[in-house]
Amino acid sequence: MKWINTRSHNSWLDTETDRIFEFGRNAVVPNGFGWIGNNGNVRDEMGTRLWISARMLHCYALAAHMGRPGAMDLVEHGIAALEGPLKDHEHGGWFATIDNEGEGVMDDSKQGYQHAFLLLGAASAVTTGHPRAQALLDEAIKVYDEHFWVEEKQMCYESWDREFTETEDYRGGNMAMHSVEAFLIVYDVTKDKKWLDRALNITEFMVHKTAKGLSYRVNEHFDSDWNPLPDYNKETPASHFRAYGGTPGHWIEWGRLICHLRATLLDIGAEAPEWMLEDAIGLFDATVRDAWHVDGAPGFVYSVDWDGKPVVRERIRWAPVEAIGTAYALYEVTGDKKYEEYYRLWWDYCRTYLIDYEGCSWWQELDCNNQAGTSKVWDGKQDIYHLMHCLVIPRLPLTPGLAPALAQGRLDENMK
């Protein structure tokens, strides 16, 4: 049995993609895209967050390329929000969180994780031909280069205060990973190879030089000199973005990003180090070893300690979603049928436990017995960004990235 690149499976993916695009429209608020709760409605108290609005801009750029009516209206809405209320017109950069309407600012810090998604959203919007998208991307690149990229370290700052005068004594692997993701799409749009060089340098440090020596358990917490902080957040392990220990969903996500980066380097005739494929496979295997079905029930545990023992056992949606995308990517690269088998296994899991047909979208968090309704790590269904990695990526080549590939008409080109 085989699902990947079959007409029947891709038809199912397309139907579910439509359902998710329609769900995402619920996030529209006057100042951008809000935080969607478990009931499908915006939670006003969460405000409008830069990372959500930028990710939704990215998603509706994909929808526009896929011929979904109304998608360009949402691209316009996202760009207007990023040009207007989310932007700090006095000090530059973009606010972390603002009110859903009006002029209130809830968090005026400048977060690297969120600015990485700004790069992604703006670059994806450029591929749609929106007349103001290029200016948004140019400014996003300027802010990232001036305030978040550290040339001498070939890594990135985590955050700044509003005036870009003080940065915290912390460097984050999650921000670094999503910078790599954004850099790949910025390269596709600009063809400036510095973005691939940066992506490779970050990946080599985070995965090949650091995680490989930890049995591919990716450390995500560092001091300002990029020395690991293995006990960071040990007392508060269930953090949204800075969980104690290892977060296996990120390990397997790194595996997919390595496959994309490797494919892009090979496509342009550049050197793709041999360790890239070895490490992508190592990350996949480590995730299965430490996180999949390890505590008596199917699903990926959220986090583990440095011996691979579960810490937070809740099941978070984006882990199997990313696992599906990486299984597809490694199947495309290696042809090894085990990745296709995992691809089907994890889709079965998602359909059985995570997809919420009675309510809306997918559950964001399940307890350790795969029961919905918990909120130890995440409360609500936030946005639709991660779902594109299991619904759309398995229908595209590994390079170029999502929006650029869709702009080239590459969707389902390998379908049989």
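Leaving aside neighbours within four places in sequence, Pro320 is in contact with Phe300, Tyr349, Cys350 and Leu354. This is a good place to start looking around the model, which is a predicted one. Pro320 sits in helix α10, a stretch that covers residues 318-334. Its relative accessible area is 2%, and because buried means under 20%, Pro320 counts as buried. Another residue to look for here is Trp346, which stands 26 residues from Pro320 along the chain, while the C-alpha atoms of the two are separated by 6.3 Å.

With one residue in view, the chain as a whole can be described. The secondary structure comes to 13 helices and 15 strands. For 416 residues the globule rule gives a radius of gyration of 22 Å, and the value for this chain, 20 Å, is close to that, so the chain is as compact as a globular protein of that length. Taken along the principal axes, a box of roughly 55 × 50 × 50 Å is filled by the C-alpha atoms. Of the 416 residues, 61% count as buried, as Pro320 does. Contacts between distant parts of the sequence can be followed too: among contacts in the chain with a separation of 6 or more, 66% join residues that are 24 or more positions apart.

A second residue worth finding is His77, in helix α3, which runs over residues 71-83. Not counting residues up to four places away in sequence, His77 touches Val28, Val29, Pro30, Gly32 and Phe33. For Gly32 there is a further detail: its backbone oxygen lies 2.7 Å from a polar atom of the His77 side chain.

Attention now turns to the spaces between the atoms. Rolling a probe the size of a water molecule over the atoms shows where empty space is left. The structure holds five cavities of 30 Å³ or more. The volume of the largest cavity is about 210 Å³. Its lining is made up of 18 residues, and the closest to the centre are Ile185, Arg256, His260, Gly401 and Leu402. Helices α6 (173-190) and α8 (248-267) each supply at least two residues of this lining. Sorted by class, the lining of the largest cavity has 10 nonpolar, five polar and three charged residues.

The second largest cavity contains about 160 Å³ of space. Here 16 residues form the lining, and Arg55, Tyr113, Trp318, Trp378 and His386 are the closest to the centre. Two or more residues of the lining come from each of α2 (50-65), α6 and α8. By class, the lining of the second largest cavity has five nonpolar, seven polar and four charged residues.

The last space to visit is the largest pocket, with about 290 Å³. It is lined by 19 residues, and nearest the centre lie Gln111, Tyr113, Gln114, Glu158 and Phe241. The elements that give two or more residues to this lining are α4 (112-126) and α6. Of these, α6 gives the most, with three residues. The lining of the largest pocket divides into six nonpolar, eight polar and five charged residues. Two names come back across these spaces: Tyr113 is listed for the second largest cavity and again for the largest pocket, while α6 contributes to the lining of the largest cavity, the second largest cavity and the largest pocket.

Technical notes: Residues are numbered from 1 along each chain as its sequence is written. This is a predicted model: local features need pLDDT of at least 70, side-chain atom pairs count only at pLDDT 80 or more; totals for chains, interfaces and linings use all residues. Side-chain values use heavy atoms; hydrogens and water are left out. On a 1 Å grid over the protein atoms alone, a cavity is a set of points where a 1.4 Å probe fits but cannot get out, and a pocket is an open set with protein on both sides within 12 Å along at least five of seven lines; lining residues have an atom within 4 Å of a point. Grid points are joined across faces, edges and corners, and a volume is the space filled by probe spheres set on the points. Helices (H or I, at least four residues) and strands (E, at least two) are DSSP runs, numbered from the N terminus. Ala, Val, Leu, Ile, Met, Phe, Trp, Tyr, Cys and Pro count as nonpolar, Asp, Glu, Lys and Arg as charged, and the others, Gly among them, as polar. A polar contact is a pair of N or O atoms within 3.5 Å; within protein, one must be able to donate a hydrogen and the other to accept it, and residues adjacent in sequence count only if both atoms are side-chain atoms. Contact means heavy atoms within 4.5 Å. The radius of gyration is taken over C-alpha atoms; the globule rule is 2.2 Å times the number of residues to the power 0.38. Buried means under 20% relative accessible area, exposed over 50%, partly exposed in between (1.4 Å probe, protein chains only).
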